[in-house]
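Visitor: I should like to learn how to read the features of a complex such as this one. May we take them one at a time?

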Amino acid sequence: MGDFLQVLGEYDIAGAYWFNVKLAFFSGIFSLVLGTILALMRISPLPSLQWAGATYVNLVRNIPLTVVMMFAAFALWPQLGVTFSENLDQNFFWLAVWALSVYTASFVCESIRSGVNTVPVGQAEAARAIGLSFLPAARLVILPQAFRGSIAPLGNTFIALIKNTTVASAISVADISLVMKYMVDQHGNYVIPIFLTVAAGFVIIVIPVGLVVTLLSQRLAVAR
Amino acid sequence: MSAQSVLFDAPGPRARRRMLLGNIVGALVVVLIGVFVVYQMHAHDQLTAEKWAPMIEGRTWIYYFLPGLQNTLVAAAYSIVLALVFGLVFGVGRLSSNRLIRWFCGVVVEFFRAVPVLIMMIGGWIFCAQVLRLDPALSPLLGVIIGLTLYNGSVIAELVRSGVHGLPKGQREAGLAIGMTRGQSIRSIELPQALMAMLPALVSQFVVVLKDSALGAIITYNELLRSARLIGADAPFPVLQSFFVIAIIYIVLNAILSWIAGKVARRIGGRTSGKVGGGTVKGGINGAVSVRAIQKSEMGQV
């Protein structure tokens, strides 16, 4: 046990987790913005935008994240010359954020859309019936309910994003899975305790987020 | 789409004119973005025949894409079967009347759902290679299978549990009324119906397995993604092009699976008293058995 703790001490585990948290934070923001735009496109009455949004979602959702991630590192940057930073480490970090955001946005879009879909047509009809026009009806009646309905799927998408940040190790961002790879490479006999330690970190991060999401979605649920 | 009917009325003449204008502007913006992307590809020499030619050569397919695809499918097939077994065992375990078994299965399932698949793959890979001292060539495959099985098995266990909970309680009461024990009623009445109801969700889960098998490239398993990288590593370095090809392969495979899920959902409606979550792959959700399962399984899709 003491030996194992010594092995753990050789690596900057907290720093590695910090990378995952940063990746989740930035990708969360960008995917929320992009996903909201896509959702607006898909629920707009304009066929061209609907089509574009649907095509994006259906294509990106079916491509593995690892493919998107490696595409960013091996095609987007070296072949197409998209550079986020002169610093190599920084550049890979932002390429990973790009991949995570582009991928997660399709799920954010679907989460928001499923929230809109939970609002019964009767609500819109009732809003019309009491004389509200389009904007007030959307602002006062439909969007508040849609927002509440999308909390649970959005929360689950965010939890999945947190776990997906480990895929950044595919392009050598020094996140926890890359550090774990180094650890088990050098100390193969400790693979089980190392796995349990790293996994425990995710349990500690993910389960509270899950509890908050469940609590929020229950508290804000629209009683029907 | 109900979204439309919720937000918008049927348009009048003025609204229709505005929509036509908006539609044209929207189409122009989309086309402009497309043109920009294609122009950038041209500007960076990505549209040359030299780079695309390897994609249609038989050699590339015979030595790279097809073996890669085969390895992807092999890993996915093993994982799906084992995940099913794992899911059934732990799903039924969570329904057990013994509190200890229920608690144990609950902890196992929640644990493996919270841990990223890649972490489990790396653990399984090194465990096979360094602790069990298995063939180094075999360990990456085993790592992929272990990771996919543990994660997707846990998701399937949740599906089993919510499938049984989603049945009308009259089913269980009827079983008990004709003198069955709780276990007998689960085995011969509730589980078969729950499995029927979760079939579409199960097929949708295969999409997740197939997608996540690409993580194998990180632990040196020679699947589709890794073969694409190898193609891109040689002159004329067609990285973008080979990624383009495998993206299409993944999309087509997943579209087929989603189509099957939808087909299955429509066919089995009459064979269960549970709610069939009609392979709602279109809705972005693993067609699921209950709202709870929908919310939970969505984690899987991502």
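Visitor: How many residues of chain A are in contact with chain B, and how many of chain B are involved?

Guide: The size of an interface is often given as the accessible area lost when the parts come together. Here a count of residues serves instead. In this predicted model, 58 residues of chain A are in contact with 53 residues of chain B.

Visitor: Which elements of chain A give two or more residues to the side that touches chain B?

Guide: They are α3 (47–60), α4 (65–76), α5 (88–117), α6 (121–129), α7 (134–149), α8 (151–164), α9 (176–186) and α10 (191–219) of chain A. The largest share, nine residues, belongs to α10(A). Sorted by class, the side of chain A that touches chain B holds 39 nonpolar, 15 polar and four charged residues.

Visitor: How is a single helix pair across the two chains to be described?

Guide: Two packed helices are described by the angle between their axes and the distance between the axes. Take α3(A) and helix α2 (residues 13–43) of chain B: their axes come within 7 Å and cross at roughly 35°.

Visitor: Which residues make that contact between α3(A) and α2(B)?

Guide: On α3(A) they are P47(A), S48(A), L49(A) and A52(A), and on α2(B) they are N23(B), G26(B), A27(B) and V30(B). The residues of this contact comprise five nonpolar, three polar and no charged. As for their spacing, an α-helix has 3.6 residues a turn, so residues three or four places apart point the same way.

Visitor: What is the overall make-up of chain B in helices and strands?

Guide: Chain B has 12 helices and zero strands. Of its 302 residues, 49% are buried. Among its contacts between residues at least 6 apart in sequence, 69% join residues at least 24 apart.

Visitor: Is helix α6 of chain B mostly covered or mostly uncovered?

Guide: Helix α6(B) is mostly covered, with 13 of its 15 residues buried. This helix (residues 117–131) reaches 20 Å from its first C-alpha to its last, close to the 21 Å expected at 1.5 Å a residue. Just after α6(B), R133(B) takes a positive phi of about 55°.

Visitor: What confidence values accompany chain B and the complex?

Guide: Chain B averages a pLDDT of 87, and 89% of its residues score at least 70. Over residues 278–302 of chain B, however, the pLDDT is below 50, and this stretch has 90 contacts in the model beyond near neighbours in sequence. For the complex, the predictor gives an ipTM of 0.91 and a pTM of 0.89.

Notes:
Residues numbered from 1 in each chain as written. Chains lettered and ligands numbered in written order. Predicted model: local features only at pLDDT ≥ 70, side-chain atom pairs only at ≥ 80, totals over all residues. Contact = placed C-beta atoms within 7 Å. Helix = DSSP H or I, 4+ residues; strand = E, 2+ residues; numbered from the N terminus. Nonpolar A, V, L, I, M, F, W, Y, C, P; charged D, E, K, R; others polar. pLDDT = per-residue confidence, 0-100. Axes fitted to C-alpha atoms, helices over the stretch in contact; angles between N-to-C directions. Buried ≥ 20, exposed ≤ 12 C-beta atoms within 10 Å, placed from the backbone. Expected span 1.5 Å × (residues − 1).
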